[in-house]
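User: Could you take a close look at one part of this model for me, the charged pairing within one of its helices, and then walk outward to what surrounds that helix?

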Amino acid sequence: MLLFKNFRTYYHHLGLCEEVGFFINLGPDTHAVLSLMRRRGRTRFCEDEVRQLESAVPVVSAAVRAAWEANNQVATRPVDEHDHLVQEAFASFGRGVLTERECEVVRLLLQGHSSQSVAQKLRISPATVKVHRKNLYEKLGIGSQSELLALFIQAIKGKSASSALP
């Protein structure tokens, strides 16, 4: 394990020049920090980017809290039951609300694929992925990938995607 004496050494070692962090209160003695960092040689976070990040605070906080709660709720279950819950949520997420193709796009997005990667995997154009993404966001009543993740976490916690809609 590598220990750093101070932040300056830490940032230098990682090649970072700037950090923006979301600090989320998870309980009386528990906090989470989600950090976004820029590498040396890149531009610093500009005022517009900081404003955009500030506007994302409610969504980021909700997603981190939901992930924390979901983890705490399933932590006492056997590991193979965790896998089953996630697989079940992947299989059923969006059914009855989304088309089969939109469900495929959602599953890939939730697995961390970019729109370009989704297009390659499904052998469709990136523009078609963009259309599917726009349509499924509209049907689910969301506007971003982080909201999609929060909705999926709710599904894992036992709520269907359609009942998680606003």
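Analyst: Arginine 101 and glutamate 104 sit three residues apart in helix H5 (residues 100–110), which means about one helical turn separates them. An α-helix has 3.6 residues a turn, so residues three or four places apart point the same way. In this predicted model, the two side chains form a salt bridge, with the closest N and O atoms 2.9 Å apart. Arginine 101 is partly exposed, at 29% relative accessibility, and glutamate 104 is partly exposed too, with a relative accessible area of 27%. Between these two positions comes cysteine 103, which is buried at a relative accessible area of 4%.

There is another bridge to look at here: arginine 107 meets glutamate 100 through their side chains, at 3.3 Å from N to O. Side chains of opposite charge can pair when their charged atoms come close. The whole structure has six salt bridges.

For a companion case, turn to helix H2 (residues 47–55), where aspartate 48 and arginine 51 are also three residues apart, about one turn of the helix. Their side chains form a salt bridge at 2.3 Å, N to O. Aspartate 48 has 48% relative accessibility and counts as partly exposed, and arginine 51 is partly exposed at 46%. This pair belongs to a network of salt bridges that links Glu47, Asp48 and Arg51. Cysteine 46 is partly exposed, at 38% relative accessibility. As for cysteine cross-links, the structure holds zero disulfides.

Now back to H5 and its neighbours. Helix H6 (115–122) has buried residues Ser117, Val118, Ala119 and Leu122, and what covers them includes H5 and H7. After H6 comes arginine 123, with a positive phi near 55°.

Helix H7 (residues 126–140) is worth a slower look. With 15 residues at 1.5 Å a residue, H7 should span 21 Å, and its end C-alpha atoms are indeed 21 Å apart. Its buried residues are Val129, His132, Arg133, Leu136, Tyr137 and Leu140. Seen down the axis of H7, these buried residues fall within an arc of 130°, so they line one face of the helix. That buried set packs against H5, H6 and helix H8 (145–156). On the face turned away from the buried side, H7 carries the exposed residues Lys130, Lys134 and Glu138. Glycine 141 follows H7, and its phi is positive, near 70°.

One more contact brings in H8. A search of the whole structure finds one aromatic pair. Its partners are phenylalanine 93 and phenylalanine 152, whose ring centres lie 5.5 Å apart with planes at 80°, so the pair is edge-to-face. Phenylalanine 93 is in the loop between helix H4 (79–92) and H5, while phenylalanine 152 is in H8, so the pair ties together parts that are 59 residues apart in sequence. Both rings belong to buried residues: phenylalanine 93 has 3% relative accessibility, and phenylalanine 152 has a relative accessible area of 6%.

To put the picture together: H5 carries the bridge between arginine 101 and glutamate 104, and H5 also helps cover the buried residues of H6. The buried residues of H7 pack against H5 as well, and the loop leading from H4 to H5 holds phenylalanine 93, which pairs with phenylalanine 152 in H8.

How values were computed. Residues are numbered from 1 along each chain as its sequence is written. Side-chain values use heavy atoms; hydrogens and water are left out. A salt bridge is a side-chain nitrogen of Lys or Arg within 4 Å of a carboxyl oxygen of Asp or Glu. Helices (H or I, at least four residues) and strands (E, at least two) are DSSP runs, numbered from the N terminus. Buried means under 20% relative accessible area, exposed over 50%, partly exposed in between (1.4 Å probe, protein chains only). A disulfide is a pair of cysteine sulfur atoms within 2.5 Å. The expected span of a helix is 1.5 Å times one less than its number of residues. The arc is that of the directions from the helix axis to the C-beta atoms. Contact means heavy atoms within 4.5 Å. Rings of Phe, Tyr and Trp (its six-membered ring) pair if their centres lie within 6.5 Å; planes under 30 degrees apart count as stacked, over 60 as edge-to-face and the rest as tilted.
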